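Biologist: Could you take me on a close look at one part of this model, the open sheet and what packs on it, and then walk me over to the salt bridges? I would like to follow along with the structure open in front of me.

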Amino acid sequence: MKVLHTSDWHLGQSFYEHDRSEEHQLFLNWLIDVLVQQQIDVLLISGDIFHTATPPASAEKQLYTFIQSASFKCPDLHIVLIAGNHDSANRIETAKPLLTSFNTHVIGRFDKLAPEQVVLDLMVGKQHMHVVAMPFLRSADLPKPEDDAFDYQIGVQLAYQKAKETIKEVQGPIILMGHLHAKGGSISEDSERNLNIGGFDAVSATVFGEQFDYVALGHLHKAQSVAKQTAIRYSGTPLPMSFSERNYKHQVLLCDFNEQGLVDVKPLYVPRFKDVLYIPELGAKRLAELCEEIASHDFSQFDNAPYIRLKLSAAETSSRFRVEVDEALKGKNVKFCGIERVSEGITTCENVFEDLGKVESLSPNTLLDIAYREIEPEQDTAPASLHDKLAEVIASMEE
């Protein structure tokens, strides 16, 4: 049995105001070829199918056209997709009755009173495979222990436990799906904006219990294993979602199973359909040097216009920097993604960016630290007590 683990497609995303529908379509076309060539039995999409809860109609069309095409070319294929924190559970479940005719199983929410609804018993040839398709879990979705001593991790653990308890007879492998932040997972600098911060949404790998053959996770954009376990994996995004992800090895994961369980996991690397470049790659340059580097750069080597973002030294005093940059870029086949004025010599792990377009992509706790440094320049981060208060506010807003 062959399972393909993917996640975090983020259909409908604009990359610094540039439309990405062409890139996403190239990825979906490539994915269909993989499904056919590898003779995949089950395709998993572990959340964040769309970039926003209200995606453009073109993004929804891309998803449903993909499902139709994949089903036509692979008639026995099962597709399982769960809602992520970027998705609207109601929206993706709207098409549920129609998608069942394409062997597509959609799980938008977890009902703690009916945990069996997230458990699928798939027939792959003559073999059974159970999939616990757990979507993104909000605090209100979670069951509470009898003593009412609730915390997020305990709630997530109970959700998986109750779902697995509804499997009356285990036949074949058990796959768990999830869209969450497992502790120890490496996140990108500016793409994964955790709605619940302060540790509420970071859970230990122990929440999955011991009864599983593979855990297919989404939410973190970097492909990686969790707690050094080969069978607990993030597939990561198929495309870079920000410049901090430009060096990721974007991939989907091919999982081979037999009747006893997982046999092997190997990555299939997604082609880079548009390059993502910083100029300069390291550090920052004064205006004249920056314009010289732009002029000397050979952009004709790229099949598709790359995304570029410029790093200008904050020590630059010329008020004409944007005019001169525009002149240097004239006639270049690139997707311009703005200028970062970088203060060099910062001892913390971050550069300081003076680009308002960057603010929206920063996590709330990063913004709090930046604001606190304005008040207390000698402190790199805000006190834990302030982070805890912010976490409470965000959690109450979400609920």
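Modeller: Happy to! Let's begin with Lys285, which is partly exposed, with a relative accessible area of 27%. Its salt-bridge partner is Glu293, and the closest N and O atoms of the two are 2.6 Å apart. Please keep in mind as we go that this is a predicted model. We will come back to charged pairs after the sheet.

The sheet is an open one of 6 strands, and if you step across it you meet them in the order E6-E5-E4-E1-E15-E16, with mixed pairing. At the two edges stand strand E6 (104-107) and strand E16 (261-269); each has a single partner strand, so one side of each is left without a neighbour in the sheet. Neighbouring strands here are turned against each other by 20° on average, ignoring direction.

As background, the strands of a sheet pair through backbone hydrogen bonds, and this can be parallel or antiparallel. For a pair to look at, take strand E1 (residues 2-6) and strand E15 (residues 251-258), which run antiparallel and pair over 4 bridges. A handy place to find this pairing on your screen is Leu4, which stands opposite Leu254 in E15. Now bring in helix H1 (residues 21-37), which packs on the sheet and touches E1, strand E4 (42-46), E15 and E16. The direction of H1 makes about 160° with that of E1.

Now for the rest of the charged pairs. A search of the whole structure finds 10 salt bridges, and one of them sits within a helix. There, the side chains of Arg322 and Asp326 meet with 3.0 Å from N to O. Both residues belong to helix H7 (residues 321-329), where they are 4 residues apart, about one turn of the helix. Arg322 counts as partly exposed because its relative accessibility is 42%, and Asp326, at 36%, is likewise partly exposed.

Salt bridges can also share partners, and in this way Glu93, Lys96 and Arg109 are joined into one network. Within that network, the side chains of Glu93 and Lys96 meet at 3.8 Å, N to O. The cut-off for a salt bridge is 4 Å, so this pair counts as one. Glu93 has a relative accessibility of 19%, and since buried means under 20%, Glu93 counts as buried. Lys96, at 29%, counts as partly exposed instead.

How values were computed. Residues are numbered from 1 along each chain as its sequence is written. This is a predicted model: local features need pLDDT of at least 70, side-chain atom pairs count only at pLDDT 80 or more; totals for chains, interfaces and linings use all residues. Side-chain values use heavy atoms; hydrogens and water are left out. Buried means under 20% relative accessible area, exposed over 50%, partly exposed in between (1.4 Å probe, protein chains only). Two strands pair if DSSP finds at least two bridges between them. Axes are lines fitted to C-alpha atoms, for helices over the stretch in contact, and angles run from 0 to 180 degrees between N-to-C directions. Contact means heavy atoms within 4.5 Å.
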